[in-house]
Amino acid sequence: MPSGTLEVVLISAKGLENTDYLCNMDPYAVLTCRTQEKKSSVAAGKGSDPEWNESFVFTVSEGASELVIKLLDSDAGTEDDVVGVATIPLEPVFEGGSVPEAVYNVVKDEEYYGEIKLSLSFRPEESRSGEEEETYGGWNQ
């Protein structure tokens, strides 16, 4: 796995199951890449079709193979409800450098609970191995 910087643009979600029965839910996302965790803003009152348009940057190193996005409903006074989880494999973005806007399924208890839209881009860490090797007019000594 390469090392570098992964940028995630959390765009929106749609068709999420509303966990608030009397009003629209207030969804937010928790993005996790290995041990790094980032939290989006709460889309207050946006219900099943929230929009965020927020960027998150992760430092990626060996062993990072997926991005996990957990969608929750912010509830005042009680524990936040889990809406669902989307697991995004990172191999395509490592190979191609970016993944344009794409839609991923949100799943809970192995059932479809809506979808989330995001884009990914990856900037590899600059390799420094070439700087250390000295050459003399094309000849190695």
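Start with residues 130–135 of this predicted model. Throughout that stretch pLDDT stays under 50. The model has three contacts for these residues beyond four places in sequence. Where pLDDT is low, the predicted coordinates should not be read in detail.

Now colour the protein chain by confidence. Helix H2, residues 129–132, is where confidence is lowest, with a mean of 48. Select strand E3, residues 36–39, for the other extreme: confidence is highest there, at 98. Over the protein chain, the mean pLDDT is 89. Of its residues, 89% reach 70 or more.

**Strand E8 and its partners**

Next, show the charged side chains. The model has two salt bridges. Select Lys14 and Glu115 for one of them. Their closest N and O atoms are 3.8 Å apart. Lys14 sits in strand E1, residues 4–14, and Glu115 in strand E8, residues 111–124, so this pair ties together parts that are 101 residues apart in sequence. Is Glu115 buried or exposed? Glu115 is buried, at a relative accessible area of 18%.

Stay on strand E8 and pick Lys117. The side chain of Lys117 meets that of Glu101 in a salt bridge, 3.9 Å from N to O. Glu101 belongs to strand E7, residues 98–108, so the pair ties together parts that are 16 residues apart in sequence. Check the accessibility of each partner. Lys117 is partly exposed, at 29%. Glu101 is exposed, with a relative accessible area of 54%.

**Asp73**

Move to strand E5, residues 66–73, and select Asp73. Asp73 is buried yet has no salt bridge. Which side chain of opposite charge is nearest to Asp73? That is Lys108, and the distance is 9.8 Å. A salt bridge needs nitrogen and carboxyl oxygen within 4 Å.

What does the side chain of Asp73 reach instead? Draw two distances. One is a polar contact of 2.7 Å between the side chains of Asp73 and Thr19. The other runs from the side chain of Asp73 to the backbone nitrogen of Asp26, at 2.8 Å.

Then display the residues around Asp73. Leaving aside residues up to four places away in sequence, Asp73 touches Thr19, Asp20, Met25, Asp26, Pro27, Tyr28, Asp80, Asp81 and Val83. Thr19 and Asp26, the ends of the two distances just drawn, are thus among the residues in contact.

**The loop between E7 and E8**

Go to the loop between E7 and E8 and select Asp109. Asp109 is not a glycine, but has a positive phi of about 50°. Glu110 lies in the loop between E7 and E8 as well. Its phi is also positive, at about 60°, and Glu110 is not a glycine either. Most residues other than glycine have a negative phi. Turn on the surface here. Asp109 is exposed, with a relative accessible area of 65%. Glu110 is exposed too, at 79% relative accessibility.

**Cysteines**

Finish with Cys23 and Cys33. How many disulfides does the model have? The count is zero. Select Cys23: at 49% relative accessibility, Cys23 is partly exposed. Cys33 is buried, with a relative accessible area of 1%.

Conventions. Residues numbered from 1 in each chain as written. Predicted model: local features only at pLDDT ≥ 70, side-chain atom pairs only at ≥ 80, totals over all residues. Heavy atoms only, no water. pLDDT = per-residue confidence, 0-100. Helix = DSSP H or I, 4+ residues; strand = E, 2+ residues; numbered from the N terminus. Contact = heavy atoms within 4.5 Å. Disulfide = S-S within 2.5 Å. Buried < 20%, exposed > 50% of the residue type's maximum accessible area, 1.4 Å probe, protein only. Lys, Arg positive; Asp, Glu negative; His and termini not counted. Polar contact = N/O pair within 3.5 Å; in protein donor to acceptor, adjacent residues only side chain to side chain.
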